[in-house]
Amino acid sequence: MRVLLFTGKGGVGKTTTAAATAALAASRGLKTLVLSTDPAHSLADAFAVPLGPEPTAVESGLLAMQVDAQLAFEQSWRDVQDYLRGLLERAGVDALQADELTVLPGAEEVLALLELRRQAASGLYDLVVVDCAPTGETLRLLALPEALTWYVDKVFPAQRRALKAVRPLLSRVATVPEDGLFEAVGRLHAELCEVRALLTAPTTSVRLVLTPEAVVVAEARRTLTSLALYGYRVDGLVANRVLPTSEDPWVAGWAAAQSAQLATVRADAAPLPVLESPYAAGEPVGIEALLAFAETLYGDTDPTALVETGELLAVLRDADGFLLSLSLPLARLEDVDLARSGDELVVTVAGHRRLLALPSALRRCDVAGARLVDGRLVVRFEPDPAQWRQL
Ligand SMILES: Nc1ncnc2c1ncn2[C@@H]1O[C@H](COP(=O)(O)OP(=O)(O)O)[C@@H](O)[C@H]1O
Ligand SMILES: [Mg+2]
C-alpha cells in the first residue's frame, strides 16, 4: 500500500492537490482513500460532496473522509496529559525533561494519526492520500510518534518507579492513579510506533505544495529541512497557481516574479521534481475539475510514482571511526545545534529537535566533529578507548 502526504503553507492548494491526485489514481484503477487531518475540513468543499468521519464513496474506487477530533477523546487525552505533568512535577523532574513534555501532542494530532493507522491497516486500499493541515501542525504531527516513544521509553518508566515508591505515602492523602492509566499509555505508545513505521515506510512519501511567491517559497525551504530532520521522505514538490504569460502588464509582472521564484525552487529542490499547475480560471471544485487539474499536473506519468531519494540516515565506517550522515537539505550551519545525551544525539535545526537513538557501535564513541556537506549533516564519531576497554 502506498501512502502519500500533502503538506504546505495555508491556502496554497494542499486539499485541491490531494483530492485531485486521489481522483486520478482512482480513475486509473487504484482503490483509493483520501483522508483529511485538517480541522478546516475543506475536502468536502473540494469534492462538493458531504463527508464525515468514516470513509464515504465519492466515485467508484474513491473514498474520502475527514478526521473529526471528538470531544470525548480530547477530554480523556487531556486528563492523561495533566496527570503526567503533575507526576513529573511531583517527582522533581529536571528542566530538560520537563521541556520535553511540551512535545506532548494535542488531541487532534493523535486522533488523526491513529485514524490513519486504522484505515491503512484495514487492507482495503492500494493508496491512502493524506490531506494534511498547514505545515506547522503537520510537523508537530509527524514529530509526534518518535517524540512520544522517546517520552514513554525514557521518562515514563522512571515515573512509574517513582510512583511505586511513594504509593504508600500518597495513598493516605490522595487517590493513587490506576494501573489502567499506565496500560493506556503503553497501548498508545505501541500504536504510535506502528504509525511511525507506516509514515517512514519505503512506500510512504510527502509532497510539498507551494505557490511561487517569496514568502511561501521561504517556508517551503524550511519545511524541506524539517521533514528530513524528522526522517520523512519528500519525493516531489507541486508549484500551484502558476500564472500564464500575458500581454497584460499587471499579470506579466506577477508572472515574471513567479518564474524567478520557480527557478529558485527548482534549484533548491533538485533532484526532486517540481510539478506545475496553472492558475485556473475558476476554483477546481468537483470531481471533473479535480481530474482535469490532476491530468495537467501529472500528464501521462503515474501520480503515485515514488522518486528515488538518497538514504535519510546512514552510518559509514572509515579508518578513524564512524560517520553518521543525516539528510538535511538546505540547512544552514548556523541553524544547526548538536548535543550528545547518553545514547542519543540531539539534533536541533532552527527550533526543530530530533532525538536520534544512536546505533550501538556509535554509543561507545565520542563525537569528534560535524560538517554540512551537500545537504547532509555528517557527524564524526571516534572510538573512546576508555569505553571500549570496559568490555
Ligand atoms: N490552480 C488553481 N487555480 C485556481 N484556484 C485554485 C487552484 N488551486 C487551488 N485553488 C483554489 O484555492 C483555494 C485554496 O485551495 P486549497 O486546496 O483549499 O488550499 P489548502 O488546502 O492548501 O488550504 C480553494 O478555493 C481552491 O479551489
Ligand atoms: Mg486544505
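The legends below describe close-up views of a predicted model of one protein chain with a ligand.

**View 1. Overall fold of the protein chain.** The secondary structure of the chain consists of twelve helices and 15 strands. Of its 391 residues, 34% count as buried. Among contacts in the chain with a separation of 6 or more, 72% are between residues 24 or more positions apart.

**View 2. Residues around ligand 1.** The shell around ligand 1 holds 17 residues, and K14, T15, T16, A280 and E283 come nearest. Two or more residues come from each of α1 (14-27) and β7 (234-242). The element that gives the most is α1, with three residues. By class, the shell around ligand 1 has five nonpolar, nine polar and three charged residues.

**View 3. Crossing of α1 and α10.** Helix α10 spans residues 287-298 and packs against α1 at an angle of about 90°, with the two axes 8 Å apart. Angles of 65 to 115 degrees count as roughly perpendicular, and α1 and α10 are therefore roughly perpendicular to each other.

**View 4. Residues in the contact of α1 with α10.** On the α1 side, the contact is made by T16, A19, A20, T21, A23, L24 and S27. These residues meet I287, L290, L291, F293, A294, E295, L297 and Y298 of α10. The contact of α1 with α10 comprises eleven nonpolar, three polar and one charged residues. T16 of α1, listed in this contact, is also one of the residues that come nearest to ligand 1.

Conventions:
Residues numbered from 1 in each chain as written. Chains lettered and ligands numbered in written order. Predicted model: local features only at pLDDT ≥ 70, side-chain atom pairs only at ≥ 80, totals over all residues. Helix = DSSP H or I, 4+ residues; strand = E, 2+ residues; numbered from the N terminus. Buried ≥ 20, exposed ≤ 12 C-beta atoms within 10 Å, placed from the backbone. Contact = placed C-beta atoms within 7 Å. Near = placed C-beta within 6 Å. Nonpolar A, V, L, I, M, F, W, Y, C, P; charged D, E, K, R; others polar. Axes fitted to C-alpha atoms, helices over the stretch in contact; angles between N-to-C directions. Parallel < 35°, antiparallel > 145°, perpendicular 65-115°, else oblique.
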